[in-house]
Amino acid sequence: MKRPVKKIALSKDEEKITLNLKKNKGWYDVKISSSGHIWHFSGRVETGKVSISDPHWA
């Protein structure tokens, strides 16, 4: 399953990016690259509501 890729050009030293996680039940998988460095963040935002296991494995 290919995941959608969204590229965002940042214009400041600090930028706020808001992600809509409703479609993925609070799960996220984000890669950020800059100046040859790559940061990869993945997980689930805890809301206290009933959720599902990792959707990648469901």
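## A two-stranded protein at a glance

Let's start with the basic layout: the secondary structure of this protein comes to zero helices and two strands. What you're looking at is a predicted model. The protein has 58 residues, and 5% of them count as buried. Below is a quick tour of the hairpin, the residues with unusual backbone angles, and one of the pockets.

**The whole protein**

- The accessible surface adds up to about 6100 Å², and carbon and sulfur atoms account for 54% of that.
- Take the contacts between residues at least 6 apart in sequence: 28% of these join residues at least 24 apart.

**The hairpin**

- Strand β1 covers residues 27-34 and strand β2 covers residues 37-44.
- How do β1 and β2 pair, parallel or antiparallel? They run in the antiparallel sense, with eight bridges between them.
- If you want to trace the pairing yourself, try D29, whose bridge partner in β2 is S42.
- Another pair to look for is S33 with its bridge partner I38 in β2.
- As a rule, side chains in a regular strand alternate between the two faces of the sheet.

**The turn and the positive phi values**

- Two residues sit between the strands of the β1 and β2 hairpin.
- S35 belongs to the loop between β1 and β2, and its phi is positive, near 50°.
- Is S35 buried or exposed? S35 is exposed because its relative accessible area is 71%, and exposed means over 50%.
- K25 also has a positive phi, in this case near 55°, and it is a residue other than glycine.
- You'll find K25 in the segment before β1.
- For background, most residues other than glycine have a negative phi.

**Around L21**

- L21 also has its place in the segment before β1.
- Which residues does L21 touch, once you set aside its neighbours within four places in sequence? L21 is in contact with G26, W27, Y28 and V45.
- L21 and V45 are 24 residues apart along the chain, and their C-alpha atoms are separated by 8.6 Å.

**The second largest pocket**

- In general, rolling a probe the size of a water molecule over the atoms shows where empty space is left.
- The second largest pocket has a volume of about 220 Å³.
- Its lining brings together L21, K22, K25, G26, R44, V45, T47, K49, V50 and S51.
- So some residues from the points above turn up here too, including L21, K25 and V45.
- What classes of residue make up the lining of this pocket? There are four charged residues, along with three nonpolar and three polar ones.

How values were computed
Residues numbered from 1 in each chain as written. Predicted model: local features only at pLDDT ≥ 70, side-chain atom pairs only at ≥ 80, totals over all residues. Heavy atoms only, no water. 1 Å grid on protein atoms, 1.4 Å probe; cavity = no way out; pocket = protein on both sides within 12 Å on 5 of 7 lines; lining within 4 Å. Points joined across faces, edges and corners; volume = space filled by probe spheres on them. Nonpolar A, V, L, I, M, F, W, Y, C, P; charged D, E, K, R; others polar. Pairing = 2+ DSSP bridges. Helix = DSSP H or I, 4+ residues; strand = E, 2+ residues; numbered from the N terminus. Buried < 20%, exposed > 50% of the residue type's maximum accessible area, 1.4 Å probe, protein only. Contact = heavy atoms within 4.5 Å. Areas by Shrake-Rupley, 256 points an atom, 1.4 Å probe, with all protein chains shown as cover.
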